[in-house]
Amino acid sequence: MGTTDTAPDGGVRPAGLAGIPRQRGATAAAPVGGGGPAADPPTGHPRRRWRPWLLLPTPLGTPFTFGYAALLVVTTLFADHADPAVVSELLRGSSTDVVHLARAPLLVLVASALWIAGGLTSAYALGFVFVLTALERRVGGLRTAAVFFGGHALATVATELTVGFSVAAGGLPDSSLERLDYGISFGVMTCTGALAGLLPPWLRRPLVLGAGYVAVADLLAYADPVANWGHLLSLTLGVVSWPLLRRWRDRRTAVVPLLGDLGHPALRGSGPR
């Protein structure tokens, strides 16, 4: 039970519990009607909640990924339901084979990335949604587009140049110069490698190892060696871009808060838009 002390002015003041020394200079009284000492101010940082909806693209939060994904849905549905002869002609005209690259390189590099080989349920279609969303939330839409199309173009040109040299050397038939080649897989693999550099180590390692395993396994299967070499090259291009991507991310977070961190401790999110 507490005791009381006599104040210098003759009044009575409350004292601390018996046996416990009073803190020096402690004069704060209990709040009126509170029945106890004032609560200490909260300390530490508030716990951040994981927001799973930020894994998906939104029109304002990730406009590049959202708009591009919507376009791919339209072209895929068209390929599934339109006249097969028309679809075949469009795919042939969009192919980034050696012949088309020599005639209209910019046109076919863009057109080939408007189609998904394998449809909307393919692994690369799903990877496009999640990987590009996460990357755009960290570095912005324009830089994500630069990574995607840069990897798509470089890997395509590198693989098709290899085909051209092999045909010239007699290692491949002339028909290889017009092999059908289209899809988003090179861009997705580049963005996957790039995104890994912006993640904490416990996420970075399994992402790189998993994507690398898929690329090497496909290459060893030798079903489509040109495309499989392109996938491995694309992943490597993404990994090589880590220093540049980290500078982009740091510059972006210094100017505006990102929408969601998706597990990255250096980023702060302001919520979905």
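Nonpolar surface patches are made of residues with over 30% relative accessible area and no salt bridge, with nonpolar side chains joined within 5 Å. The views below are taken from a predicted model.

**View 1. A nonpolar patch on the surface of the predicted model.** Leu-56, Leu-126 and Phe-130 make a nonpolar surface patch of about 280 Å². Leu-56 lies in the loop that runs between strand S2 (12-14) and helix H1 (63-81). The relative accessible area of Leu-56 is 43%, so this residue counts as partly exposed.

**View 2. The overall fold of the protein chain.** The chain contains 10 helices and 2 strands, arranged along the sequence as β-β-α-α-α-α-α-α-α-α-α-α. Of its 273 residues, 39% count as buried. The accessible surface amounts to about 16000 Å², and carbon and sulfur atoms contribute 67% of that area. Among contacts with a separation of 6 or more, 70% join residues 24 or more positions apart.

**View 3. The largest nonpolar core.** This core has 25 residues, and those with the most contacts inside it are Tyr-68, Phe-128, Leu-135, Phe-148, Ile-184 and Leu-245. Two or more residues are given to the core by each of H1, helix H5 (123-139), helix H6 (141-168), helix H7 (185-196) and helix H10 (242-255). H5 supplies the largest share, 7 residues.

**View 4. The surroundings of Phe-128.** Neighbours within four places in sequence are left aside here. Phe-128 is then in contact with Thr-65, Tyr-68, Ala-69, Leu-72, Thr-133, Phe-148, Ile-184 and Val-188. Phe-128 is itself one of the buried residues of H5.

**View 5. Helix H5 and the residue that follows.** H5 is mostly covered, with 12 of its 17 residues buried. Among the buried residues are Ala-125, Gly-127, Val-131, Leu-132, Glu-136, Arg-137 and Arg-138. At 1.5 Å a residue, the 17 residues of H5 should span 24 Å; because the end C-alpha atoms are 24 Å apart, the expected and modelled spans agree. Gly-140, just after H5, takes a positive phi of about 95°.

**View 6. Tyr-222 in the loop between two helices.** Helix H8 (201-221) and helix H9 (225-240) flank the loop in which Tyr-222 is found. The phi of Tyr-222 is near 60°, a positive value in a residue other than glycine. With a relative accessible area of 60%, Tyr-222 is exposed, because exposed residues are those over 50%.

Note on methods. Residues are numbered from 1 along each chain as its sequence is written. This is a predicted model: local features need pLDDT of at least 70, side-chain atom pairs count only at pLDDT 80 or more; totals for chains, interfaces and linings use all residues. Side-chain values use heavy atoms; hydrogens and water are left out. Patches are made of residues with over 30% relative accessible area and no salt bridge: like charges are joined within 9 Å, nonpolar side chains (Val, Leu, Ile, Met, Phe, Trp, Tyr) within 5 Å. Accessible areas come from the Shrake-Rupley method with a 1.4 Å probe; for residues, only the protein chains shown count as cover. A salt bridge is a side-chain nitrogen of Lys or Arg within 4 Å of a carboxyl oxygen of Asp or Glu. Helices (H or I, at least four residues) and strands (E, at least two) are DSSP runs, numbered from the N terminus. Buried means under 20% relative accessible area, exposed over 50%, partly exposed in between (1.4 Å probe, protein chains only). A nonpolar core is a set of buried Ala, Val, Leu, Ile, Met, Phe, Trp, Tyr and Cys residues joined through side-chain atoms within 4.5 Å. Contact means heavy atoms within 4.5 Å. The expected span of a helix is 1.5 Å times one less than its number of residues.
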